[in-house]
Amino acid sequence: ASRRPARPARPGQPCLLCHGFQLAGTVYRFADDRAGVPGARVHVMDGEGRSFTATTNSSGNFYVTRGGELEEDDDGEVELPYALAYPLEVEIEHEGIARPMRSRIWREGSCAHCHGPEVGPDSAGRIVLEDGSAP
């Protein structure tokens, strides 16, 4: 029997530094949350008009790999039979809240490369469903 690789569980880290994913990131409810949101849906359309949805795992992570047929699961992984074509358009949604990304992703597949924990000159801040702080 084949064994699937262990799921990444380090929310907020730049996944592509260590993993060969095409696209990966973490979704949070609020910017100051310590854990990601499980079950958030990340809708992606690439530059060639192909679309898919990744559902975040128990750590709030999602990741896109390249392999056989298009396969979406509810534990963070999407396997695509093709390489993503940039730019990418992305929207996140969970429990009736939907947020489109304001800009396109032009070349970097590690979301944490631009979405670090703090907003600043090198970071747009975390990928969040809601503005403000956790109640």
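Modeller: Two strands count as paired if DSSP finds at least two bridges between them. Please keep in mind that this is a predicted model.

Colleague: Why are strand 1 and strand 4 called paired, and in which sense do they run?

Modeller: Strand 1 and strand 4 share four bridges in the antiparallel sense. The requirement is at least two bridges, so four bridges between strand 1 and strand 4 satisfy it. One of the residues involved is Gly25, whose bridge partner in strand 4 is Phe62.

Colleague: How do you know that strand 1 pairs with strand 11, and what is the sense of that pairing?

Modeller: Strand 1 and strand 11 are joined by two bridges, in the parallel sense. The rule asks for at least two, and therefore this pair qualifies with its two bridges. Here Val27 has Ile127 of strand 11 as its bridge partner.

Colleague: What is the strand order of the open sheet, and which strands are its edge strands?

Modeller: The open sheet has five strands in the order 5-6-4-1-11, with mixed pairing. Strand 5 (71-72) and strand 11 (127-128) are the edge strands, since each pairs on one side only. Within this sheet, strand 4 (residues 61-66) pairs with strand 6 (residues 77-80) in the parallel sense over four bridges. Tyr63 stands opposite Glu77 in strand 6.

Colleague: What makes strand 1 largely enclosed?

Modeller: A residue is buried when its relative accessible area is under 20%. Six of the six residues of strand 1 are buried, so the rest of the structure largely encloses this strand. Both directions are covered: Leu23, Gly25 and Val27 point one way, Ala24, Thr26 and Tyr28 point the other way, and all are buried.

Colleague: Why is Asn61 classed as it is, buried or exposed?

Modeller: Asn61 belongs to strand 4. Its relative accessibility is 2%, and the limit for burial is under 20%, so Asn61 counts as buried. The side chain of Asn61 makes a polar contact of 2.6 Å with that of Thr26. How do we know that this counts? The cut-off for such a pair of N or O atoms is within 3.5 Å, and the 2.6 Å between Asn61 and Thr26 meets it.

Colleague: Why is Glu91 assigned to its accessibility class?

Modeller: Glu91 lies in strand 7 (residues 89-94) and has a relative accessibility of 30%. Buried would require under 20% and exposed over 50%, so Glu91 counts as partly exposed. Strand 7 has an uncovered face made of Glu89, Glu91 and Glu93, while Val90, Ile92 and His94 form the covered face.

Colleague: Which residues does Glu91 touch beyond its sequence neighbours?

Modeller: Leaving out residues up to four places away in sequence, Glu91 touches Arg41, Val42, His43, Ala98, Arg99, Pro100 and Met101. Two pairings of strand 7 add to this picture. Strand 2 (residues 41-45) pairs with strand 7 in the antiparallel sense over five bridges, and Arg41 has Glu93 as its bridge partner there. Strand 7 also pairs with strand 8 (residues 97-100), in the antiparallel sense over four bridges, with His94 opposite Ile97.

Colleague: How many residues lie between strand 7 and strand 8 in their hairpin?

Modeller: Two residues separate the strands of this hairpin, and Glu95 in the turn has a positive phi of about 50 degrees.

Colleague: Which residues of the largest nonpolar core touch the most other members?

Modeller: The core has 21 residues, and those touching the most other members are Leu23, Val27, Val42, Val44, Phe52, Leu80 and Leu84. Strand 1 (23-28), strand 2, strand 3 (51-55), strand 4, strand 6 and strand 7 each supply at least two residues. Beyond residues up to four places away in sequence, Val27 touches several others, including Val42, Ile92, Ile127 and Leu129.

Colleague: How is the chain built overall, and how many helices and strands does the chain have?

Modeller: The protein chain has zero helices and 11 strands. Buried residues account for 42% of its 135 residues.

Colleague: What confidence does the chain carry, and where is the pLDDT below 50?

Modeller: The average pLDDT is 80, and 76% of the residues score at least 70. Residues 1-8 have a pLDDT below 50, although this stretch has 12 contacts in the model beyond near neighbours in sequence. Where pLDDT is low, predicted coordinates should not be read in detail.

Note on methods
Residues are numbered from 1 along each chain as its sequence is written. Side-chain values use heavy atoms; hydrogens and water are left out. Buried means under 20% relative accessible area, exposed over 50%, partly exposed in between (1.4 Å probe, protein chains only). Contact means heavy atoms within 4.5 Å. A nonpolar core is a set of buried Ala, Val, Leu, Ile, Met, Phe, Trp, Tyr and Cys residues joined through side-chain atoms within 4.5 Å. pLDDT is the predictor's confidence in each residue, from 0 to 100. A polar contact is a pair of N or O atoms within 3.5 Å; within protein, one must be able to donate a hydrogen and the other to accept it, and residues adjacent in sequence count only if both atoms are side-chain atoms.
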